[in-house]
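Got your viewer open? Let's take a walk through this model, one selection at a time.

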Amino acid sequence: HSFGARAVTAAAKSAAFAPSSMCLLQGAFSHNAFAPKSTELPQGFFREVVTEKRVAGPIVATHTRNDKAVGLAYALASRLAGQQVAGLGDENDIYGGIGRNGAMRMAGGESRRLTMTSASEAYAFARDAVTSIQSDQFIENHGDVSGAAVANVVWSAAAP
(Lines give C-alpha, C1' and ligand atoms only; values in the text may rest on other atoms or scores of the structure.)
Protein backbone atom coordinates (compact mmCIF):
# COMPACT_ATOMS: atom_id res chain seq x y z
CA HIS A 1 0.00 0.00 0.00
CA SER A 2 1.09 3.59 -0.76
CA PHE A 3 4.90 3.92 -0.70
CA GLY A 4 5.04 0.19 0.10
CA ALA A 5 3.76 -0.39 -3.43
CA ARG A 6 6.83 1.44 -4.70
CA ALA A 7 9.05 -0.63 -2.40
CA VAL A 8 7.72 -3.98 -3.65
CA THR A 9 7.97 -2.79 -7.26
CA ALA A 10 11.60 -1.80 -6.68
CA ALA A 11 12.21 -5.21 -5.11
CA ALA A 12 10.68 -6.94 -8.14
CA LYS A 13 12.88 -4.86 -10.43
CA SER A 14 16.08 -5.98 -8.73
CA ALA A 15 15.20 -9.41 -7.29
CA ALA A 16 17.07 -12.54 -8.31
CA PHE A 17 13.73 -14.32 -8.66
CA ALA A 18 10.33 -13.33 -10.02
CA PRO A 19 7.50 -13.06 -7.47
CA SER A 20 4.38 -14.96 -8.47
CA SER A 21 2.19 -11.82 -8.41
CA MET A 22 2.23 -8.19 -7.30
CA CYS A 23 -0.67 -6.11 -5.94
CA LEU A 24 -0.16 -2.36 -5.73
CA LEU A 25 -2.81 -0.96 -3.41
CA GLN A 26 -3.17 2.81 -3.92
CA GLY A 27 0.44 3.10 -5.03
CA ALA A 28 2.17 6.41 -4.32
CA PHE A 29 4.44 6.55 -7.35
CA SER A 30 4.21 7.72 -10.94
CA HIS A 31 1.41 6.42 -13.13
CA ASN A 32 4.05 6.42 -15.91
CA ALA A 33 6.45 4.15 -13.99
CA PHE A 34 5.89 1.17 -16.34
CA ALA A 35 5.66 3.21 -19.56
CA PRO A 36 8.08 3.00 -22.50
CA LYS A 37 10.10 6.03 -23.56
CA SER A 38 8.12 8.42 -25.73
CA THR A 39 8.68 11.76 -27.40
CA GLU A 40 7.07 13.44 -24.37
CA LEU A 41 8.49 11.37 -21.52
CA PRO A 42 11.53 9.29 -20.59
CA GLN A 43 11.14 5.57 -19.98
CA GLY A 44 9.34 4.79 -16.72
CA PHE A 45 11.60 3.93 -13.79
CA PHE A 46 10.04 0.46 -13.41
CA ARG A 47 9.72 -0.32 -17.13
CA GLU A 48 11.97 -3.39 -16.82
CA VAL A 49 9.47 -5.01 -14.45
CA VAL A 50 7.17 -5.32 -17.48
CA THR A 51 9.62 -5.84 -20.34
CA GLU A 52 11.78 -8.37 -18.49
CA LYS A 53 8.77 -10.11 -16.92
CA ARG A 54 10.14 -9.55 -13.42
CA VAL A 55 6.81 -10.76 -12.00
CA ALA A 56 5.79 -14.29 -13.05
CA GLY A 57 2.07 -13.62 -12.73
CA PRO A 58 -0.31 -10.70 -12.64
CA ILE A 59 0.58 -7.15 -11.69
CA VAL A 60 -2.52 -5.43 -10.34
CA ALA A 61 -2.90 -1.78 -9.28
CA THR A 62 -5.95 -0.34 -7.55
CA HIS A 63 -6.76 3.29 -8.30
CA THR A 64 -9.51 5.75 -7.42
CA ARG A 65 -10.30 9.41 -7.82
CA ASN A 66 -11.20 9.29 -4.09
CA ASP A 67 -7.49 9.03 -3.19
CA LYS A 68 -6.61 12.64 -2.41
CA ALA A 69 -3.19 11.71 -1.00
CA VAL A 70 -2.02 10.33 -4.35
CA GLY A 71 -4.32 12.40 -6.54
CA LEU A 72 -3.33 15.76 -5.09
CA ALA A 73 -0.51 15.57 -2.55
CA TYR A 74 1.66 13.18 -4.59
CA ALA A 75 1.06 15.15 -7.80
CA LEU A 76 1.97 18.44 -6.08
CA ALA A 77 5.09 16.99 -4.48
CA SER A 78 6.21 15.58 -7.84
CA ARG A 79 5.67 18.78 -9.78
CA LEU A 80 8.48 21.22 -10.29
CA ALA A 81 7.95 24.83 -9.22
CA GLY A 82 6.37 27.13 -11.79
CA GLN A 83 4.62 24.51 -13.94
CA GLN A 84 0.94 24.69 -14.79
CA VAL A 85 -1.55 22.94 -12.53
CA ALA A 86 -4.37 22.34 -15.02
CA GLY A 87 -5.63 18.77 -14.66
CA LEU A 88 -3.61 18.38 -11.46
CA GLY A 89 -3.15 14.70 -10.64
CA ASP A 90 -5.52 13.28 -13.26
CA GLU A 91 -4.61 10.94 -16.12
CA ASN A 92 -3.47 13.88 -18.27
CA ASP A 93 -0.99 15.16 -15.67
CA ILE A 94 2.50 13.78 -16.31
CA TYR A 95 3.05 13.92 -12.54
CA GLY A 96 -0.04 11.87 -11.64
CA GLY A 97 0.12 8.83 -9.39
CA ILE A 98 -0.74 5.20 -10.07
CA GLY A 99 -3.08 5.11 -7.04
CA ARG A 100 -5.17 7.85 -8.65
CA ASN A 101 -5.12 6.83 -12.33
CA GLY A 102 -3.73 3.32 -12.67
CA ALA A 103 -0.84 2.50 -15.00
CA MET A 104 -0.74 5.02 -17.84
CA ARG A 105 0.92 5.35 -21.26
CA MET A 106 1.73 1.66 -21.55
CA ALA A 107 2.55 0.06 -24.89
CA GLY A 108 -0.23 -1.76 -26.75
CA GLY A 109 -1.35 -4.96 -25.04
CA GLU A 110 0.68 -4.31 -21.89
CA SER A 111 -2.17 -2.99 -19.80
CA ARG A 112 -5.77 -3.75 -19.04
CA ARG A 113 -8.37 -1.72 -17.22
CA LEU A 114 -11.09 -3.24 -15.06
CA THR A 115 -13.58 -1.98 -12.51
CA MET A 116 -13.60 -3.45 -9.01
CA THR A 117 -16.78 -5.45 -8.56
CA SER A 118 -17.70 -7.31 -5.40
CA ALA A 119 -16.10 -9.33 -2.67
CA SER A 120 -17.20 -12.59 -4.27
CA GLU A 121 -16.58 -12.28 -8.01
CA ALA A 122 -13.26 -13.83 -8.97
CA TYR A 123 -10.99 -12.01 -11.39
CA ALA A 124 -8.99 -13.72 -14.11
CA PHE A 125 -5.98 -11.43 -14.31
CA ALA A 126 -3.70 -11.54 -17.33
CA ARG A 127 -0.17 -12.66 -16.59
CA ASP A 128 1.28 -10.58 -19.41
CA ALA A 129 -0.18 -7.16 -18.57
CA VAL A 130 -0.50 -4.62 -15.78
CA THR A 131 -4.14 -4.53 -14.72
CA SER A 132 -5.42 -1.24 -13.34
CA ILE A 133 -8.59 -1.65 -11.30
CA GLN A 134 -10.81 1.43 -10.99
CA SER A 135 -12.00 1.24 -7.38
CA ASP A 136 -14.12 4.35 -6.79
CA GLN A 137 -17.08 2.37 -5.47
CA PHE A 138 -15.08 0.43 -2.86
CA ILE A 139 -12.10 2.59 -1.85
CA GLU A 140 -13.18 5.87 -0.26
CA ASN A 141 -9.73 7.32 0.51
CA HIS A 142 -6.01 6.56 0.39
CA GLY A 143 -6.01 4.31 3.46
CA ASP A 144 -9.24 2.46 2.73
CA VAL A 145 -7.67 -0.79 1.49
CA SER A 146 -8.93 -3.31 4.02
CA GLY A 147 -12.42 -4.00 2.68
CA ALA A 148 -13.64 -7.36 1.41
CA ALA A 149 -13.69 -6.22 -2.25
CA VAL A 150 -10.02 -5.17 -2.02
CA ALA A 151 -9.12 -8.46 -0.32
CA ASN A 152 -10.83 -10.28 -3.17
CA VAL A 153 -8.59 -8.47 -5.69
CA VAL A 154 -5.47 -9.47 -3.74
CA TRP A 155 -6.69 -13.05 -3.40
CA SER A 156 -7.49 -13.29 -7.11
CA ALA A 157 -4.04 -11.96 -8.04
CA ALA A 158 -2.34 -14.45 -5.73
CA ALA A 159 -4.40 -17.44 -6.85
CA PRO A 160 -2.49 -19.97 -8.98
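Start by selecting Lys 53, which sits in the loop between helix 2 and strand 2. (Helices here are DSSP runs of H or I with at least four residues, strands are runs of E with at least two, and both are numbered from the N terminus.) Is Lys 53 buried or exposed? At 54% relative accessibility, Lys 53 counts as exposed. For the whole tour, buried means under 20% relative accessible area, exposed means over 50%, and partly exposed is in between, using a 1.4 Å probe and protein chains only. Now check the backbone: Lys 53 has a positive phi of about 50 degrees, although it is not a glycine. Most residues other than glycine have a negative phi.

Before you click on, two notes on what you're looking at. This is a predicted model, where local features need pLDDT of at least 70 and side-chain atom pairs count only at pLDDT 80 or more, while totals for chains, interfaces and linings use all residues. Residues are numbered from 1 along each chain as its sequence is written, and side-chain values use heavy atoms, with hydrogens and water left out.

**Zoom out**

Show the whole chain as a cartoon. You should find five helices and four strands, and from the N terminus on they run α-β-α-β-α-α-β-β-α. The C-alpha trace spans about 50 × 35 × 25 Å along its principal axes. The radius of gyration, taken over C-alpha atoms, is compared with a globule rule of 2.2 Å times the number of residues to the power 0.38. With 160 residues, a compact globule would come out near 15 Å, and the protein has 15 Å, which agrees. Of those 160 residues, 46% are buried.

**Helix 1**

Select residues 3-14. That is helix 1, with twelve residues, reaching 17 Å from its first C-alpha to its last. The expected span is close to that, at 16 Å, where the rule is 1.5 Å times one less than the number of residues. Which residues of helix 1 are buried? Colour Ala 5, Thr 9 and Ala 12. Now look down the axis of helix 1: these buried residues fall within an arc of 55 degrees, so they line one face of the helix. (The arc is that of the directions from the helix axis to the C-beta atoms.) An α-helix has 3.6 residues a turn, so residues three or four places apart point the same way. Turn to the face away from the buried side of helix 1 and you'll meet the exposed residues Phe 3 and Ser 14. What covers the buried residues of helix 1 includes strand 1 (22-24) and helix 2 (47-51).

**Into the core**

Next stop: Phe 29, in the loop between strand 1 and helix 2. At 1% relative accessibility, Phe 29 counts as buried. Setting aside neighbours within four places in sequence, Phe 29 is in contact (heavy atoms within 4.5 Å) with residues including Ala 5, Thr 9, Leu 24, Phe 34 and Tyr 74. Try a distance tool too: the C-alpha atoms of Phe 29 and Pro 19 are 20 Å apart, though the two are ten residues apart in sequence.

Add Leu 24 and Phe 34 to your selection. Along with Phe 29, they touch the most other members of the largest nonpolar core, which has 17 residues. (A nonpolar core is a set of buried Ala, Val, Leu, Ile, Met, Phe, Trp, Tyr and Cys residues joined through side-chain atoms within 4.5 Å.) Helix 1, strand 1, helix 2 and strand 2 (59-63) each supply at least two residues of this core. For a second, separate core of twelve residues, pick Leu 25, Ile 133, Ile 139 and Val 145, which are among its members. In soluble globular proteins, nonpolar side chains tend to be buried together.

**Helix 5**

Jump to residues 148-158, helix 5, whose buried residues are Ala 149, Val 150, Asn 152, Val 153, Ser 156 and Ala 157. They cover an arc of only 155 degrees around the axis, which puts them on the same side of helix 5. Their cover includes strand 1, strand 2 and strand 4 (130-134). Facing away from the buried side of helix 5 are the exposed residues Ala 148 and Trp 155.

**Two last loops**

Select Gln 137, in the loop between strand 4 and helix 5. At 66% relative accessibility, Gln 137 counts as exposed. Finish at Arg 105, in the loop between helix 4 (98-101) and strand 3 (111-115). Phi of Arg 105 is positive, near 55 degrees, and at 36% relative accessibility Arg 105 counts as partly exposed.
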